[in-house]
Amino acid sequence: MSIQHSEAIYQKAAKIKLFAMDVDGILSDGQIIYDANGVETKAFFVQDGLGLQLLRQAGVTLAIITGRTSPMVERRAKELGVAHLIQGRDDKFVALQTLADKLGLSLSECAYMGDDLPDLKAVREAGFGVSVPNGCVQTQAVADFVTTKTGGRGAVREICELILQAQGKFDDLVATFG
């Protein structure tokens, strides 16, 4: 069963060859937790991970562009087969544009998913800009699409499935699971 979206959303999603996203507030719920020894932890939603793996299997290149630097993000990116991990970058649009140029893609072939002010320009300028309901109002306002699920709780999976549906690949991928 798939959710129906507007034709304009499907047209944007059908063109996507690069899916780039922020981490805190997108792949995680945005919390930064420190234990008594000052060790930082993050939680990642397993269904988001499977959505990213399906997107990668369908031929979409994955990228993470984050303002922070974290060994946990590096580990998760490696587990998911994220081809491009860009950490410690607050200039997310510049990082997205540079990556698109390196890959020979136009911005219309790039999706960017973010939730806060550092993501604003990348969300606005990407061919398919996405935000989440727990994102700041300014980023939501410039997004082509705001997910129904929140960051760290299925929002990434929602967008992965939407892109796969728009590209006509979703049903075949689901069928591989029996």
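This passage walks through the overall build of the protein, its nonpolar cores and a handful of individual residues.

The model is a predicted one. Eight helices and eight strands make up its secondary structure. The radius of gyration comes out at 15 Å, close to the 16 Å that the globule rule gives for 178 residues, so the protein is as compact as a globular protein of that length. Laid along its principal axes, the C-alpha trace spans about 50 × 35 × 30 Å. Buried residues account for 48% of the 178 in the protein. As for contacts with a separation of 6 or more, 54% of them link residues 24 or more positions apart.

On the outside, the protein exposes about 8,500 Å², and carbon and sulfur atoms supply 52% of that area. Charge is carried by 18 positive and 22 negative side chains. The centres of these two sets lie 3 Å apart.

Turning to the interior, nonpolar side chains tend to be buried together in soluble globular proteins. Here the largest nonpolar core holds 34 residues, and the members that touch the most others are Phe 19, Met 21, Leu 52, Met 113, Phe 128 and Val 156. Helix α7, covering residues 155-166, puts in the largest share of this core, with seven residues. Another core, of 18 residues, lies apart from it, and Ala 63, Phe 93, Ala 100 and Cys 110 are among its members.

Met 113 gives a good view of the larger set's surroundings. Leaving out residues up to four places away in sequence, Met 113 touches Phe 19, Ala 20, Met 21, Asp 22 and Ile 26, and also Val 130, Val 132, Thr 147, Ala 155, Val 156 and Ile 159. Of these partners, Phe 19, Met 21 and Val 156 are themselves on the list of core members that touch the most others.

Two residues worth a look sit side by side in the chain, in the loop between β1 and β2: Ser 28 and Asp 29. That loop runs between β1 (18-21) and β2 (33-34). Ser 28 has a relative accessibility of 1%, so it counts as buried. Asp 29, at 29% relative accessible area, is partly exposed instead. Beyond its sequence neighbours within four places, Ser 28 touches Val 23, Ala 43, Gly 151 and Gly 152. With the same neighbours set aside, Asp 29 is in contact with Asn 134, Gly 151, Gly 152 and Arg 153. Gly 151 and Gly 152 thus turn up as partners of both residues. Asp 29 and Ala 95 are 66 residues apart along the chain, and their C-alpha atoms are separated by 23 Å.

The loop between α4 (92-103) and β6 (110-113) holds another pair, Leu 107 and Glu 109. Leu 107 counts as buried because its relative accessibility is 17%, below the 20% cut-off. Glu 109 counts as buried too, at 16%. Their partners, again not counting residues up to four places away, are listed here in turn. Leu 107 touches Phe 93, Leu 96, Gln 97 and Ala 100, along with Glu 125, Ala 126 and Gly 127. Phe 93 and Ala 100 are also members of the 18-residue core. Glu 109 touches Lys 15, Ile 16, Lys 17 and Leu 18, plus Gly 104. Between Leu 107 and Leu 52, which are 55 residues apart along the chain, the C-alpha separation is 20 Å.

Arg 89 and Gln 53 complete the set. Arg 89 lies in the loop between β5 (84-86) and α4, and with a relative accessible area of 26% this arginine is partly exposed. Its contacts outside the four-place window in sequence are Thr 66, Gly 67, Val 94 and Ala 95. The C-alpha atoms of Arg 89 and Glu 161 are separated by 27 Å, with their positions 72 residues apart along the chain.

Gln 53 belongs to helix α2, residues 46-57, and counts as partly exposed at 24% relative accessibility. Setting aside residues up to four places away in sequence, Gln 53 touches Glu 79 and Leu 80. Gln 53 and Glu 79 are 26 residues apart along the chain, and their C-alpha atoms are separated by 9.4 Å.

How values were computed:
Residues are numbered from 1 along each chain as its sequence is written. This is a predicted model: local features need pLDDT of at least 70, side-chain atom pairs count only at pLDDT 80 or more; totals for chains, interfaces and linings use all residues. Side-chain values use heavy atoms; hydrogens and water are left out. Helices (H or I, at least four residues) and strands (E, at least two) are DSSP runs, numbered from the N terminus. The radius of gyration is taken over C-alpha atoms; the globule rule is 2.2 Å times the number of residues to the power 0.38. Buried means under 20% relative accessible area, exposed over 50%, partly exposed in between (1.4 Å probe, protein chains only). Contact means heavy atoms within 4.5 Å. Accessible areas come from the Shrake-Rupley method with a 1.4 Å probe; for residues, only the protein chains shown count as cover. Lys and Arg count as positive and Asp and Glu as negative; His and the chain ends are not counted. The place of a charge is taken as NZ of Lys, CZ of Arg, CG of Asp or CD of Glu. A nonpolar core is a set of buried Ala, Val, Leu, Ile, Met, Phe, Trp, Tyr and Cys residues joined through side-chain atoms within 4.5 Å.
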